[in-house]
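Colleague: Please take a close look at the largest cavity in this model, starting with the residues that line it. Then go on to whatever else can be said about the ligand site and the backbone.

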Amino acid sequence: MVSLTKNSSILIVGGGTWGCSTALHLARRGYKNVTVLEAHPIPSPISAGNDVNKIMEEGEPSETDTEEQYVWNRMHQLTTKYWKEDHVFKSFYHPTGIIFSAISDDVYEHVKGYTKGTESEWAALNSPEDFKKTMPQGVLQGDFPGWKGFWKDHGAGWVFARGAMVSAYEEALKLGVNFITGESAGKVTTLLYSDSKDTITGAQTVDGTSHYADQTILCAGANGDLLFDFEQQLRPTAWTLAHIPLSIEEAALFKNLPVLYNPERGFFVEPDAEKRELKFCDEHPGYINMVKTATPGYREGTTHSQPFARHQIPVESETRMRKFLQEAMPQIANRDFSFARICWDADTVDRQFLIDRPKGKSGLVVAAGGSGMGFMMMPVVGQLIVDRMEDVLEERLQKGLRWRPEQAIGRDWQAIQDRHGGEGKIMDFHDVKGWTSGKGDQVPNAEPAKDTKMCNSM
Ligand code: FAD
């Protein structure tokens with residue numbers, strides 16, 4: 001391995017959530033020769049973090065933590081500090097509180113588990129009236145059939161995701177990072193290897209340029225295993241999100257709201273300030289797209305999930321979303337959506353992030369496996385990646401985030417991994433009957449979306 005100096009060439013593949021954070025941390029640490037290759041202008045339309053908001057929860061380790069809990073809680077502690085104190089991030093965090101709720105007894109028990117150790121901070125919600133009181137009168141008009149849960153008005157909330165990602169990008173740019181973006185100059189087709197194949201020496205882009213580097217960092221999110229053999233540690237999994245436009249009066253009422261989260265139905269966060277659109281998701285274990293095409297990790301004919309972009313959602317997802325809205329906010333449940341898309345992240349087997357130097361390969365750090373929870377950690381994740389690159393990562397974190405293919409041997413691609421909602425199972429996009437943008441339109445599954453530029457982009 002080349003020993004790195006502040007003048008070493010460092011190449012980041014993927015300028016999304018984690019890539020922008022990594023660029024920022026490298027620049028802040030004084031690295032002078034950092035290049036990011038990103039397939040789209042930033043913020044990339046396919047980045048999981050290119051979204052109006054994401055849930056953020058604060059936390060800190062305790063003495064009774066298991067090793068696994070410690071890793072999460074330590075990352076929470078570090079990220080919370082950035083969201084509250086760092087000028088790049090702090091204006092984007094809104095600690096408006098959160099409601100965790102459920103319907104069935106077993107999921108309720110699961111939700112109750114979130115409150116363990118901090119019971120005194122949570123108010124129990126046992127009736128529709130209890131739920132309605134968590135927000136200004138008129139926001140929650142639903143009957144909340146069978147819902148129960150817990151609410152706290154501090155220590156959690158939401159972040160303006162796109163804003164935070166762009167803020168990290170702009171600061172990194174200001175500090176001298178070179179961003180090369182676009183489908184020709186920025187999209188990586190392959191990583192480059194030494195003749196002996198044991199060292200990654202950079203990456204090649206669609207325009208044929210070879211970008212050689214002393215150190216490559218792979219931050220391509222759910223698309224990571226199109227470029228490198230992760231030995232089945234990543235399962236690209238998609239979820240579904242949509243927006244509903246609100247009137248000026250509604251948007252004024254829907255302000256400073258706690259996040260409403262129900263793992264059996266969905267969640268929503270208050271409308272964004274610019275467009276007055278309310279974003280929400282239906283909850284389910286996720287969609288996969290099983291194909292048999294060859295990639296670095298899979299021989300032709302071997303089944304694995306592969307991401308694609310689409311600015312529509314399955315019709316069944318719209319049905320679930322409207323059911324969720326009907327139960328919580330029926331006054332907007334039948335309104336046309338103004339936006340809908342599928343959004344991919346990569347699930348590791350244990351849903352812990354994967355930030356490490358892969359065994360047997362020099363010159364590469366991989367950073368992937370957000371597992372549906374990687375945005376709130378965005379400010380700190382770049383720090384962890386650079387720490388790993390410099391071999392100074394805290395030992396317990398390094399162990400938790402390690403390269404761990406042994407977990408993925410014979411991996412069950414259908415595993416729901418502690419998720420709920422939908423039909424309680426992983427769904428395959430091939431089985432979807434139709435697609436919609438939530439405006440009363442519908443196309444059969446075989447037809448491509450109209451937004452072909454976006455859909456064919458990966
Ligand atoms: P991305 O942000 O997707 O970045 C990958 C980047 O790589 C993209 O910009 C892409 O354009 C680029 N790229 C891909 N291939 C190439 C290539 N060949 N060449 C060059 N560039 C390439 N987390 C939370 O903490 N809270 C939440 O509330 C939350 N909600 C979520 C809701 C949904 C619907 C989804 C899908 C995820 C959610 N997450 C949440 C998870 C979080 O968004 C992700 O874990 C995180 O954004 C992953 O970051 P990433 O950098 O790995 O991937």
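Modeller: The lining of the largest cavity divides into three nonpolar, two polar and three charged residues. This is a predicted model, and the lining consists of D225, F228, D229, F230, E231, Q232, G297 and Y298. The volume of this cavity is about 40 Å³, and the count of cavities of 30 Å³ or more comes to one. Rolling a probe the size of a water molecule over the atoms shows where empty space is left.

One of the lining residues, E231, also has an unusual backbone setting to report. Its phi is positive, about 50°, although E231 is not a glycine. Most residues other than glycine have a negative phi, and most peptide bonds are trans. E231 sits in the loop between β13 (215-218) and β14 (235-245).

A second backbone item concerns the peptide bond from I42 to P43, which is cis, with omega near 5°. P43 belongs to the loop between β2 and β3.

The strands β2 (33-38) and β3 (54-57) bring the account to the ligand, since both are among the elements that give two or more residues to the shell around it. The ligand has 34 residues around it, and T17, E38, I55, D345 and M376 come nearest. By class, this shell holds 16 nonpolar, 14 polar and four charged residues.

Three polar contacts with the ligand can be described in turn. A polar side-chain atom of S44 is 2.9 Å from an oxygen atom of the ligand. For A48, a backbone N or O atom lies 2.9 Å from a ligand oxygen atom. At G372, a polar backbone atom is 3.3 Å from a nitrogen atom of the ligand. On its own the ligand has 1000 Å² of accessible area, and the protein covers 97% of this. The elements that give two or more residues to the shell include α1 (17-28) and β22 (339-347).

As for annotation, the unreviewed UniProt entry gives "domain: FAD dependent oxidoreductase" for residues 10-388. In the model, the span 10-388 is 24% helix and 28% strand, and its end C-alpha atoms lie 14 Å apart.

Definitions and conventions. Residues numbered from 1 in each chain as written. Predicted model: local features only at pLDDT ≥ 70, side-chain atom pairs only at ≥ 80, totals over all residues. Heavy atoms only, no water. Near = heavy atom within 4 Å. Polar contact = N/O pair within 3.5 Å; in protein donor to acceptor, adjacent residues only side chain to side chain. Areas by Shrake-Rupley, 256 points an atom, 1.4 Å probe, with all protein chains shown as cover. Helix = DSSP H or I, 4+ residues; strand = E, 2+ residues; numbered from the N terminus. Nonpolar A, V, L, I, M, F, W, Y, C, P; charged D, E, K, R; others polar. 1 Å grid on protein atoms, 1.4 Å probe; cavity = no way out; pocket = protein on both sides within 12 Å on 5 of 7 lines; lining within 4 Å. Points joined across faces, edges and corners; volume = space filled by probe spheres on them. UniProt positions renumbered as here; feature names shortened; annotations may be inferred.
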